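Work through the exercises below with the sequence and the model open. Each task is followed by a solution in steps.

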Amino acid sequence: MAEVAREIAGVVVLFRDSQRLVKGEPRDLLAEHSMVGCALAVEEALRAKGYTATIVPLRGEVEELAHWYPPTEWAVFNLVDGGEGRLFEEARVAWALEAMGYCFTGARGDTLALTTHKGRTKALLAQHGIPTPPWRIFQHEDELQDDADLGLGYPVIVKPVAEDGSVGVEYPAVAHSLAEVRRRVAYIRETYRQAALVEAFIAGREFNVALWGEPPQLLPLAEIDFSAFADPCQRIVSYAAKWEEGSFEYQHTPAVFCSSLDDELRSAISSIAVAVWEIIGCQGYARVDMRVSPEGMPYVIEVNCNPDIAPDAGFFRAAAQAGMSYADMVEHIVDIALQERHLYGRASDRCRRSKYITHHPAGRRLYRRGGPVRPGALVSVPERG
């Protein structure tokens, strides 16, 4: 156990215990239920490392946690991802943990809210010169009357604008005509009750970059092996590929590690991933997904804060490739959060940093240096009362 960990009584392993969905397909509950197995694995790993750990399935309001596990004594391993399919629930829980003064793992509420909305994330990346496929957002299929309204070539991929875990992404998501795009936008509006992100489809290789810590360290680079799919437009990590173990897609989209990757491409992918971490203001651990065009240009297609860390998920595969056990990985994620608390003092100061400093140019310079942050230092950013 790390030395700073001795300052806490124990770690609450928190996850949302969803029993139903307020929107989406019934099969989407499979992704939410996956958190149960992950939470059990994290609890076991923490105990193996000498921590006092307890698993808490969140069924009501997260504020109730403070009654049983005071934030002055307990840290939180935050595995809350969604909540019965409600939009931005992951961010709301993180905001509440911040407000209550908890030291907790992973990203802050503002960062989760930003990355949950794929359109906002892409706009911020494009503003900073990070390559991401061109895109449009449509609230309703009637906004698309002809190809000029779309303004993109074909094929395109159509996704819910604010879901993760490949929810709402299957083969019909890759569209080759205006009629197909309209049908998919209508499906997302009716099924997921949100706008659709329509993005140019990059028919190329797909890479996952896992990062953690501050400054961010890269774990071994993984590539999705799509060689079982002859049609380039079926080479996607669909919902079935991610969650449905008995499906052909799940069985034939393994991640492989790229020991022979061209040095120039490896360097470009790594540099872009680190830049994305800084621009987005990631904390704790994250995964950046990219596709590489036939011309060799990497494009960011997804930024995943608090990605899946289950024993069979990509983040742990990358950590294992780096020589870590599952318990090593879990302890390191806790240690990142505890070190931040140790450096910055009270958790309430950490809350101010996440809301203002990581999104403020001067604050980000302070953050990267790793020194203590005095709340009064950023006089141009007023503190909320």
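## Exercises on strand pairing and helix packing

In this predicted model, Val-156 has Ala-200 in β8 as its bridge partner.

**Exercise 1.** Determine in which sense β6 and β8 pair, and over how many bridges.

*Solution.* Start from the pair Val-156 and Ala-200, the latter in β8. Extending the count to the two strands gives five bridges, and the sense of the pairing is antiparallel.

**Exercise 2.** Find how many bridges join β5 to β8, and name the residue of β8 that stands opposite Arg-136.

*Solution.* Arg-136 faces Val-198 of β8. β5 and β8 run antiparallel and are joined by four bridges.

**Exercise 3.** State how many residues of β8 are buried, and sort them by face.

*Solution.* Five of the five residues of β8 are buried. One side carries Ala-196, Val-198 and Ala-200. The other side carries Leu-197 and Glu-199. Both faces of the strand are thus covered.

**Exercise 4.** List the buried residues of α5 and decide how they are placed around the axis.

*Solution.* Helix α5 spans residues 118-127, and its buried residues are Lys-118, Gly-119, Thr-121, Lys-122 and Leu-125. These residues cover an arc of only 160° around the axis, so they lie on the same side of α5. Next, look at what covers them: the covering elements include the helices α4 (109-116) and α10 (263-280). Strands also contribute, among them β5 (135-138), β6 (156-160), β8 (196-200) and β14 (298-305). Just after the helix, Gly-129 has a positive phi of about 80°.

**Exercise 5.** Describe how α4 and α5 are oriented to each other, and which residues meet between them.

*Solution.* Two packed helices are described by the angle between their axes and the distance between the axes. For α4 and α5, the axes come within 5 Å and cross at roughly 95°. Angles of 65 to 115 degrees count as roughly perpendicular, and α4 and α5 are therefore roughly perpendicular to each other. On the α4 side of the contact are Ala-113, Leu-114, Thr-115 and Thr-116. On the α5 side are Lys-118, Arg-120, Thr-121 and Leu-124. Of these, Lys-118 and Thr-121 also appear among the buried residues of α5.

**Exercise 6.** Report how many disulfides the whole structure holds, and say whether Cys-38 is buried or exposed.

*Solution.* The search for disulfides returns zero. Cys-38 is buried, at a relative accessible area of 1%. Cys-103 is likewise buried, with a relative accessible area of 1%. The cut-off for burial is under 20%.

Methods: Residues are numbered from 1 along each chain as its sequence is written. This is a predicted model: local features need pLDDT of at least 70, side-chain atom pairs count only at pLDDT 80 or more; totals for chains, interfaces and linings use all residues. Side-chain values use heavy atoms; hydrogens and water are left out. Buried means under 20% relative accessible area, exposed over 50%, partly exposed in between (1.4 Å probe, protein chains only). The arc is that of the directions from the helix axis to the C-beta atoms. Contact means heavy atoms within 4.5 Å. A disulfide is a pair of cysteine sulfur atoms within 2.5 Å. Two strands pair if DSSP finds at least two bridges between them. Axes are lines fitted to C-alpha atoms, for helices over the stretch in contact, and angles run from 0 to 180 degrees between N-to-C directions. Angles under 35 degrees count as roughly parallel, over 145 as roughly antiparallel, 65 to 115 as roughly perpendicular and the rest as oblique.
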